[in-house]
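Work through the following exercises with the coordinates open. Each task is followed by a solution in steps.

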Amino acid sequence: MSFESITNKKEDNEPLRLLYAGNVTRNKGFHFVLEALRKVRTAGYNFILYAAGIIEEEMQILINEKYSDLNIRLLGHISYSELQKYYSTSHIGLISSLFEQCSYVALEMSMFGLPVIYSGIDELQEIFNRSDYMRVPINFSIHSSLHLDIDIFASKIISLIESSTLRDKIGMNERRKFIKYFKQEDMIQKTIEIYNNL
């Protein structure tokens, strides 16, 4: 597909709503989100990113100095009831962490049937049932240590921006997996079983 053929249909539409939830910090990989979105924007795609979470001062400065051209709404810390509105009205969820224990954000995005592009760490792969379609590989280099593959990250965002059918399909699959594996009653029962076995 040529650049002209895709840009003609992108700018005419309302921007798709992307959601990042979690601390807006380098530790959570937010700079990888920014780099990927720069490539998405350069390719001519229209989006708005909502970032919900405590904003690190260093990241605020970086956004102001280097990424002010991107359509970003920094929401800061918001209540869960307000966050639920963003879960239910966004088109795509983004998770960029290199380190997680148990990601409540991943569970919540799945609960709301949000298609999620996520970093390929074990903890997230377990939640997303090791589905690799929306997983972004983690690479290593001497200069930058662990980092997300920005080109693949951007391409996955673009694939979901371009196809509402794909977004719906992945979102429904995530919702089904949540219901099957992570319902509150099941999680309570599993926790009780763990304590009983100790």
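**Exercise 1: the sheet**

In strand S6, Val136 is the residue opposite Ser119. The model is predicted: local features need pLDDT of at least 70, side-chain atom pairs count only at pLDDT 80 or more, and totals for chains, interfaces and linings use all residues. Residues are numbered from 1 along each chain as its sequence is written, and side-chain values use heavy atoms, with hydrogens and water left out.

Task: starting from this pair, find the strand order of the sheet and the helices H5 and H7 that pack on the sheet.

Solution.
1. Strand S5 (residues 116–119) and S6 run parallel and are joined by two bridges. Strands are DSSP runs (E, at least two residues), as are helices (H or I, at least four), numbered from the N terminus. Two strands pair if DSSP finds at least two bridges between them.
2. The open sheet has six strands in the order S3-S2-S1-S4-S5-S6, with parallel pairing.
3. Its edges are S3 (72–76) and S6 (135–136), each of which pairs on one side only.
4. Helix H5 (residues 104–111) packs on the sheet and touches S1, S4 and S5, where contact means heavy atoms within 4.5 Å. The direction of H5 makes about 165° with that of S4; axes are lines fitted to C-alpha atoms, for helices over the stretch in contact, and angles run from 0 to 180 degrees between N-to-C directions.
5. Helix H7 (residues 150–162) touches S1, S4, S5 and S6, and its direction makes about 165° with that of S4.

**Exercise 2: strand S1**

Task: describe the burial and the pairing of S1.

Solution.
1. S1 spans residues 16–21, and five of its six residues are buried, that is, under 20% relative accessible area (exposed is over 50%, partly exposed in between; 1.4 Å probe, protein chains only).
2. Six bridges pair S1 with S2 (residues 47–52) in the parallel sense. Among the positions involved, Leu18 has Leu49 in S2 as its bridge partner.
3. The chain passes from S1 through helix H2 (residues 30–42) to S2 in a right-handed β-α-β crossover: with the strands pointing away from the viewer, the path from the first strand over the helix to the second runs clockwise.
4. S1 also runs parallel to S4 (residues 92–95), with three bridges; Leu19 is opposite Gly93 in S4.

**Exercise 3: Ser90**

Task: why does Ser90 count as buried, and which residues does Ser90 touch?

Solution.
1. Ser90 lies in the loop between helix H4 (80–89) and S4.
2. Ser90 counts as buried because its relative accessibility is 10%.
3. Not counting residues up to four places away in sequence, Ser90 touches Arg17, Leu19 and Leu114.
4. A polar atom of the Ser90 side chain lies 2.7 Å from the backbone oxygen of Tyr86.

Conventions:
A polar contact is a pair of N or O atoms within 3.5 Å; within protein, one must be able to donate a hydrogen and the other to accept it, and residues adjacent in sequence count only if both atoms are side-chain atoms.
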